[in-house]
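These are my notebook entries on one protein chain. I set out to look up how its strands pair and how its side chains pack.

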Amino acid sequence: MADLTVYSLDTLRSKYPNIGFALYAYEPKEPVILEVFNQAGTFKFTGATEEEVVKEFLQLLDMKTEPEPDPAEPEFDIFG
């Protein structure tokens, strides 16, 4: 995993300036969600805390693989 001492949104933004991030927790007592936006698509990480989702994202970077993007809405097909 990347060598970070603080696992936060600010740390991600400074370490990866070419990637977009959104961190939110809309509902009380529900999970924290980190969304990552890059040229490959949008990726979502869900966990109990900010630190947990940041670590999950960094673990995927260390594996040198990209997560599957969210499936796109199917296009309208008048025949199907």
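Entry 1, strand pairing. I counted two strands as paired where DSSP finds at least two bridges between them. The model is predicted, and I began with its strands. I found a hairpin that joins β2 to β3 through two residues. Seven bridges link β2 and β3, and the two strands run antiparallel. As one example I noted Glu35, whose bridge partner in β3 is Lys44. I then turned to β1, which is joined to β2 by five bridges, again in an antiparallel arrangement. Here I recorded Gly20, which has Phe37 of β2 as its bridge partner. I also checked the burial of β2 and found it mostly covered, with five of its seven residues buried.

Entry 2, confidence. I read a mean pLDDT of 83 for the protein chain, with 72% of its residues at 70 or more. Among the elements, strand β1 (residues 20–24) has the highest mean, 96. Helix α2 (residues 50–62) has the lowest mean among them, 90. I keep in mind that predicted coordinates should not be read in detail where pLDDT is low.

Entry 3, nonpolar core. Which residues have the most contacts inside the largest nonpolar core? I listed Leu12, Phe21, Leu34, Val36, Phe45, Phe57 and Leu58, in a core of 14 residues. I noted that β2 (32–38), β3 and α2 each contribute at least two residues to this core. Its largest share comes from α2, with five residues. I followed Leu12 further, setting aside its neighbours within four places in sequence, and found contacts with Phe21, Leu34, Val54, Phe57 and Leu58.

Entry 4, aromatic rings. I found four aromatic pairs in the structure. For Phe45 and Phe57 the ring centres are 5.8 Å apart and the planes stand at 70°, so I entered the pair as edge-to-face; the cut-off for that class is over 60 degrees. Because Phe45 lies in strand β3 (residues 41–47) and Phe57 in helix α2, this pair ties together parts that are twelve residues apart in sequence. Are Phe45 and Phe57 buried or exposed? I found both of them buried. The two also belong to one aromatic cluster, together with Tyr16 and Phe21.

Entry 5, a charge over a ring. Last, I looked at Tyr7 and found Lys55 over the face of its ring, at 4.9 Å from the ring centre.

Key:
Residues are numbered from 1 along each chain as its sequence is written. This is a predicted model: local features need pLDDT of at least 70, side-chain atom pairs count only at pLDDT 80 or more; totals for chains, interfaces and linings use all residues. Side-chain values use heavy atoms; hydrogens and water are left out. pLDDT is the predictor's confidence in each residue, from 0 to 100. Helices (H or I, at least four residues) and strands (E, at least two) are DSSP runs, numbered from the N terminus. Rings of Phe, Tyr and Trp (its six-membered ring) pair if their centres lie within 6.5 Å; planes under 30 degrees apart count as stacked, over 60 as edge-to-face and the rest as tilted. Buried means under 20% relative accessible area, exposed over 50%, partly exposed in between (1.4 Å probe, protein chains only). A charge sits over a ring if NZ of Lys or CZ of Arg is within 6 Å of the ring centre and within 35 degrees of the ring normal. A nonpolar core is a set of buried Ala, Val, Leu, Ile, Met, Phe, Trp, Tyr and Cys residues joined through side-chain atoms within 4.5 Å. Contact means heavy atoms within 4.5 Å.
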